[in-house]
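Below are questions and answers on helix packing, aromatic pairs and backbone geometry. Each answer ends on the value or name asked for.

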Amino acid sequence: MPSLAELTRRAVAVDGDFLALGHEVFEADGARFVRDRSLPRIYDANYVSDVRVATPDAVERLLARVDREYPHTRHRALQLDISTPPAVEAVLVLRGYEHSASLLLVLEGALQGAARAHDVRPIASEADWAAYARLKQRDWDERAARLGIRDASEVGADMFREHRAKAPAAQYWLASLDGKPRGFLASWPGTEGVGQVEDLYVEPEVRHRGLATALVHRGVADCRTRGVDPVAIVADATDTPKHMYAAMGFRPTAVVHKYLLRLDATA
C-alpha cells in the first residue's frame, strides 16, 4: 500500500487531471495552464494549477503570463495544492483574489453501507445527454441561488458542454426514479492508480431516497472494474455532501484552495 503522503499526492493529481479533461493543457512559467477558448465563462475550463514558483518575482512573472494566456476570459483563476509554495498564496491575497476551498476525500477498501436498488445506467445516447443537460441546468441554477449569483442562466449550458467534453474518458451515469432521470454522476479510472467519482447531483424533490448513494456505489464499482482501488471524491468545503462521503468511508485527505479574481469587479 502507498504511504499516506504518496496517496495524497496521487489523489490531488487525479483531481487536477479530471478537471483538465477535454481542455487544452500546457506547462509554462512554473505552472500548468488549462484553457478552453470556447468556454470563457467557465472557471474550471480556464485556470492555472500545479504552481511551483517560490519567489515573489517568479509569482509576478507567472501572473503576467496568466494575463497573456487568458485574454478571452473575464476572470483569473488559480488552484493551489499542498505542494504550492506559500509566496503564491500571499501574493494572491494581497491582490484581492477571492478564496474558496474544496475538500478531497479518498476511499480505500469497501464503501460503508448498502445502496438501495435504483435504476442507474450509463449515459449512452443523445436522449441521455439531453436528460443530463436538463439536470445540469438545475444543478447550476441551485448553486447560483446558493451563492447569490444573478443573470448567469446561460452558464448551465456551458457547464454541460464542459462536462460532455470529458467523455468518453469519463463515464457519466443517470439515476432514474419512476422512469425519469433525476440525478447524475461521473466516474473515471484516473491516473497513477487512483480513480475519481465526481459531478454528483440529485434533484431536490427526490433527495434522501438513496439516489446519491446508488450513484456513488455505481461510480466506485466502475472505477474498480477499470483497474483502480483508491477512489477520490471532492466536496465543496462549505457544503453538506462532505459528511455523506465521510459516512460512506471516504477519508478526508487534502484541501485544494481556489483563488479567483473577477476582472469586471476590478474594472
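**Packing, rings and backbone**

In this predicted model, helices α4 and α5 have axes 8 Å apart and pack at an angle of about 130 degrees. That angle makes α4 oblique to α5.

Q: Is the crossing of α4 and α5 left-handed or right-handed?
A: The two axes lie 8 Å apart, at about 130 degrees. Angles over 145 degrees would count as roughly antiparallel and 65 to 115 as roughly perpendicular, so this pair is oblique. The hand of the α4 and α5 crossing is right-handed.

Q: How many aromatic pairs does the count come to?
A: Rings of Phe, Tyr and Trp pair if their centres lie within 6.5 Å. By this rule, the number of aromatic pairs is 11.

Q: Which kind of pair do the rings of Trp129 and Phe160 form?
A: The ring centres of Trp129 and Phe160 are 6.2 Å apart, and the planes stand at 65 degrees. Planes over 60 degrees apart count as edge-to-face. The pair of Trp129 and Phe160 is therefore edge-to-face.

Q: How many residues apart in sequence are the parts that Trp129 and Phe160 tie together?
A: Trp129 belongs to helix α4, residues 126-147, and Phe160 to helix α5, residues 155-164. Trp129 and Phe160 are both buried. Because one ring is in each helix, the pair ties together parts whose separation in sequence is 31 residues.

Q: Which kind of pair do Tyr132 and Phe160 form?
A: The centres of these two rings are 5.9 Å apart, with the planes at 45 degrees. An angle under 30 degrees would count as stacked and one over 60 as edge-to-face. The angle for Tyr132 and Phe160 meets neither limit, so the pair is tilted.

Q: Which helix holds Tyr132, and which holds Phe160?
A: Tyr132 and Phe160 are both buried. Their pair ties together parts 28 residues apart in sequence, because Tyr132 is in α4 and Phe160 in α5.

Q: Which residues do ring pairs link into a cluster with Trp129, Tyr132 and Phe160?
A: Phe160 pairs with Trp129, and Phe160 also pairs with Tyr132. Ring pairs link these three into a cluster with Tyr172, Phe184 and Tyr201.

Q: How are α2 and α3 oriented to each other?
A: The axes of α2 (residues 56-69) and α3 (residues 86-94) come within 9 Å and cross at roughly 60 degrees. The crossing is right-handed. With angles of 65 to 115 degrees counted as roughly perpendicular and those under 35 as roughly parallel, α2 and α3 are therefore oblique.

Q: What span is expected for α6 at 1.5 Å a residue?
A: Helix α6, residues 211-225, has 15 residues. From first C-alpha to last, α6 reaches 21 Å, which is close to the expected 21 Å.

Q: Where is the proline of the cis peptide bond from Ala167 to Pro168 found?
A: The Ala167 to Pro168 bond has omega near 10 degrees and is cis. Pro168 is found in the loop between α5 and β7.

Q: Is Asp199 buried or exposed?
A: Asp199 is not a glycine, although its phi is positive at about 60 degrees. Asp199 is placed in strand β9, residues 194-202. The relative accessible area of Asp199 is 8%, and under 20% counts as buried, so Asp199 is buried.

Q: What is the relative accessible area of Asp50?
A: Asp50 lies in the loop between β3 and α2. Phi of Asp50 is positive, near 50 degrees. Asp50 is partly exposed, with a relative accessible area of 27%.

Note on methods:
Residues numbered from 1 in each chain as written. Predicted model: local features only at pLDDT ≥ 70, side-chain atom pairs only at ≥ 80, totals over all residues. Heavy atoms only, no water. Phe/Tyr/Trp six-rings, centres within 6.5 Å; stacked < 30°, edge-to-face > 60°. Helix = DSSP H or I, 4+ residues; strand = E, 2+ residues; numbered from the N terminus. Buried < 20%, exposed > 50% of the residue type's maximum accessible area, 1.4 Å probe, protein only. Expected span 1.5 Å × (residues − 1). Axes fitted to C-alpha atoms, helices over the stretch in contact; angles between N-to-C directions. Left-handed = near helix turned anticlockwise from the far one by under 90°.
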